[in-house]
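Trainee: I'd like a close look at a single part of this protein, with the rest filled in around it. Please pick a spot and walk me through it slowly, explaining each term as it comes up.

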Amino acid sequence: MNRIISTVVMCFLAIAAVAQEKADIEVSYDASRVNLRDGSPISLNKYILLANAKESKFYSPITEYIDSLQSTPEGDAKYKEMTRGAYVSGRLSSEHHHTLA
């Protein structure tokens with residue numbers, strides 16, 4: 001329900017921004033998922049909508065950072081090193097370890 005309300009609010013805000021010539025707007029929200037077995041939170045994700053009269057951008061800052069890292073061989077190596085370190089220290093679960101190939 002909160003997701004629907006957030007989406008509707010973002011749409012209205014985006015429409016209002018497009019209707020104005022010099023409007024810049026930023027809307028952000030946090031979305032979380034829960035484990036269906038025990039109800040515990042799995043992850044919290046932040047999403048941002050940036051919009052003005054000419055363009056808009058909807059993204060998650062963490063995935064934008066990861067995508068940016070993985071766009072070059074050097075960045076991809078750094079990402080893999082960071083992920084391996086998190087896995088070895090126990091901060092990353094084994095189901096995420098498959099991305100380290």
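Mentor: Let's settle what a helix and a strand are: both are DSSP runs numbered from the N terminus, a helix being H or I over at least four residues and a strand being E over at least two. By that count, Ile62 belongs to helix α2, and the stretch around that helix is where we'll spend our time.

Some ground rules come before the details. You're looking at a predicted model, in which local features need pLDDT of at least 70 and side-chain atom pairs count only at pLDDT 80 or more, while totals for chains, interfaces and linings use all residues. Residues are numbered from 1 along each chain as its sequence is written, and side-chain values use heavy atoms, with hydrogens and water left out.

Now the overall layout. There are three helices and three strands in the protein, and reading from the N terminus you meet them in the order α-β-β-β-α-α.

The strands lead us to our spot. We say two strands pair if DSSP finds at least two bridges between them. Strand β1 (residues 24-34) and strand β2 (residues 41-52) do that over 11 bridges, in the antiparallel sense. You can follow the pairing through Asp24, whose bridge partner in β2 is Asn52, and through Val34, whose partner in β2 is Pro41. Six residues sit between these strands in their hairpin, where Gly39 takes a positive phi near 80 degrees.

Next, β2 pairs with β3. These two also run antiparallel, joined by four bridges, and the hairpin from β2 to β3 goes through three residues. Ala51 stands opposite Ser56 in β3, and Leu50 has Lys57 in β3 as its bridge partner. Here's a handy rule for any sheet you look at: in a regular strand, side chains alternate between the two faces.

Here's the close-up. Ser60 sits in the loop between β3 (56-59) and α2 (61-69). Is Ser60 buried or exposed? We call a residue buried under 20% relative accessible area, exposed over 50%, and partly exposed in between (1.4 Å probe, protein chains only). Ser60 has a relative accessibility of 7%, so it counts as buried. Its neighbours come next, with contact meaning heavy atoms within 4.5 Å. Leaving out residues up to four places away in sequence, Ser60 touches Lys46 and Tyr47. The side chain of Ser60 also reaches the backbone oxygen of Lys46 at 3.3 Å. That's a polar contact, meaning a pair of N or O atoms within 3.5 Å; within protein, one must be able to donate a hydrogen and the other to accept it, and residues adjacent in sequence count only if both atoms are side-chain atoms.

Move on into α2 itself. Ile62 has 49% relative accessibility, so it counts as partly exposed. Glu64 is partly exposed too, at 33%, and the side chains of Glu64 and Lys57 meet in a salt bridge (2.6 Å, N to O). A salt bridge is a side-chain nitrogen of Lys or Arg within 4 Å of a carboxyl oxygen of Asp or Glu. Lys57, the β3 residue you met opposite Leu50, counts as partly exposed at 37%.

Ile62 also joins Tyr65 and Met82 in a nonpolar surface patch of about 280 Å². Patches are made of residues with over 30% relative accessible area and no salt bridge, with like charges joined within 9 Å and nonpolar side chains (Val, Leu, Ile, Met, Phe, Trp, Tyr) within 5 Å. The areas come from the Shrake-Rupley method with a 1.4 Å probe, and for residues only the protein chains shown count as cover.

Finally, look across to helix α3 (residues 73-88), where you'll find Asp76. Asp76 touches Leu69 and Gln70, again skipping residues up to four places away in sequence. The C-alpha atoms of Asp76 and Ile66 are separated by 8.7 Å, with their positions 10 residues apart along the chain. Asp76 also forms a salt bridge with Lys80, side chain to side chain (3.3 Å, N to O). Asp76 and Lys80 are about one helical turn apart because they lie four residues from each other in α3. Searching the whole structure turns up two salt bridges.
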